[in-house]
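Work through the exercises below with the sequence and the model at hand. Try each task before you read its solution.

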Protein chains: 2
Amino acid sequence: MNIKPTDSELEILNILWEKGPSTVREVHEVLEKNKEAGYTTTLKLMQIMHEKNLLKRDVSNKSHVYTANVSQEKTQGQIVKRMIDNVFNGSASQLVMQALGNHKPNTEELNEIKKYLEEIEKQNRK
Amino acid sequence: MNIKPTDSELEILNILWEKGPSTVREVHEVLEKNKEAGYTTTLKLMQIMHEKNLLKRDVSNKSHVYTANVSQEKTQGQIVKRMIDNVFNGSASQLVMQALGNHKPNTEELNEIKKYLEEIEKQNRK
DNA sequence: GATTGTCTACGAATTGTTTCGTAAGCAAAC
DNA sequence: GTTTGCTTACGAAACAATTCGTAGACAATC
């Protein structure tokens, strides 16, 4: 299945991934911190996301409780894959260099990445 | 200035970055290899991209010649930055790991990335 | 039991992207 | 000079995302 959330939908998914199951009001309050938005706008968005199966919902209470129905890892993976294909002509390493070039990681992050690379290298040698 | 091409626009930009200045017909012929599309559709898209200043054009000949008016590096950089913010909560290294995890680079690419990392490390030590 | 506040549902307006039909210009071929 | 073929320009239709007003349901409060 292919996951392709819009930017607005991604904002909501990020909140749900972080906070876990939440009502529209709870999500809306987080959104409001960063931008102007009417309550019914957030409601409608989340209803549509539910129709698209991006969100699950529990309607047993008056205030429905929504949960992300797609995993953060899988969603990130698909977005990255699409970007590698569309923007970097299929070259993952080009994306990596671009990401590193503009957002220099600190030493700790560097070590993490290097450890990761070594693992891949080991597998390559096999 | 903020560059935010749509997916269709990116397809055209990719062709122009690769081929250099081209007519609508030339771009269209490349596009057709990968997908169905009418000639006037491509034309209209490129005209709109010109209005948005994504493309330059030379109208001295009957067949106008279009050129990308945004650099590949800058465009890629902005898209990557937006993605790091929207999808990876600001963490470039998380994006890097995700990219490496799903699209294992070959040995040559690995070396390139490692060289890059070492340079960053050197700078960090200063 | 009327009022108030919060919720969902629904539909419509707005905006942006994509697609393409049609007309008009122009030059080469007949 | 008329036909043919390629070009640009224009406008409209189709579609999707976003926004929000309004109505109705429901429960707590007066």
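**Exercise 1.** Which atom of DNA strand D is 2.9 Å from an N or O atom in the side chain of B:Lys62?

*Solution.* Start with the ground rules. This is a predicted model, in which local features need pLDDT of at least 70 and side-chain atom pairs count only at pLDDT 80 or more, while totals for chains, interfaces and linings use all residues. Residues are numbered from 1 along each chain as its sequence is written, chains are lettered from A and ligands numbered from 1 in the order in which they are written, and side-chain values use heavy atoms, without hydrogens and water.

Now look at B:Lys62. Its side-chain N or O atom lies 2.9 Å from a base oxygen of DNA strand D. This is a polar contact (a pair of N or O atoms within 3.5 Å; within protein, one must be able to donate a hydrogen and the other to accept it, and residues adjacent in sequence count only if both atoms are side-chain atoms).

**Exercise 2.** Describe the protein surface near DNA strand D.

*Solution.* Step one: count. DNA strand D is surrounded by 19 residues. A residue is near a strand if one of its heavy atoms lies within 4 Å of it. The closest are A:Thr6, A:Ser8, B:Arg25, B:Tyr39 and B:Lys62.

Step two: ask which part of the DNA is met. Of the atoms of DNA strand D within 4 Å of the protein, 56% belong to sugar and phosphate. The side chain of A:Thr6 has an N or O atom 2.9 Å from a phosphate oxygen of this strand. For the side chain of B:Arg57, the distance to a phosphate oxygen is 3.2 Å.

Step three: find the elements. Helix H3 (39-51) of chain A and helix H3 (39-51) of chain B each supply at least two residues of this surface. H3(B) gives the largest share, five residues. Helices here are DSSP runs (H or I, at least four residues), as are strands (E, at least two), numbered from the N terminus.

Step four: sort by type. The surface near DNA strand D holds three nonpolar, nine polar and seven charged residues. Ala, Val, Leu, Ile, Met, Phe, Trp, Tyr, Cys and Pro count as nonpolar, Asp, Glu, Lys and Arg as charged, and the others, Gly among them, as polar.

**Exercise 3.** Repeat the analysis for DNA strand C.

*Solution.* Count again. Here 20 residues surround the strand, and the closest are A:Arg25, A:Tyr39, A:Lys62, B:Thr6 and B:Ser8. Sugar and phosphate make up 58% of the atoms of DNA strand C within 4 Å of the protein.

Then take the polar contacts. The side chain of A:Lys62 places an N or O atom 2.6 Å from a base oxygen of DNA strand C. The side chain of B:Lys62 has one 2.9 Å from a base nitrogen. A:His64 uses a polar backbone atom, 3.3 Å from a phosphate oxygen. H3 of chain A and H3 of chain B are the elements that give two or more residues to this surface.

Finish with the types: four nonpolar, nine polar and seven charged.

**Exercise 4.** How is chain B related to chain A?

*Solution.* Two copies of a chain are related by a rotation about an axis and a shift along it. Here the rotation is 180 degrees, the shift is 0.1 Å, and the RMSD is 0.2 Å. The fit is by least squares on the C-alpha atoms of residues with pLDDT of at least 70 in both copies. The two copies are therefore related as by a two-fold rotation axis. In chain B, the C-alpha of B:Val96 is nearest the axis, 2.8 Å from it. Both copies use the same surface: 100% of the contact residues of chain B recur in chain A. Contact means heavy atoms within 4.5 Å.

**Exercise 5.** Is A:Ile12 buried or exposed?

*Solution.* Locate the residue: A:Ile12 sits in helix H1 of chain A. Its relative accessibility is 0%, so A:Ile12 is buried. Buried means under 20% relative accessible area, exposed over 50%, partly exposed in between (1.4 Å probe, protein chains only). Beyond its neighbours within four places in sequence, A:Ile12 is in contact with A:Val27, A:Leu31, A:Leu45, A:Met46 and A:Met49.

**Exercise 6.** Where is A:Ser91 found, and what does its side chain reach?

*Solution.* A:Ser91 is in the loop between helix H4 (72-87) and helix H5 (92-102) of chain A. Its side chain reaches the backbone nitrogen of A:Gln94 at 3.1 Å. A:Ser91 is buried, at 15% relative accessible area. Neighbours within four places aside, A:Ser91 is in contact with A:Ile84 and B:Glu109.
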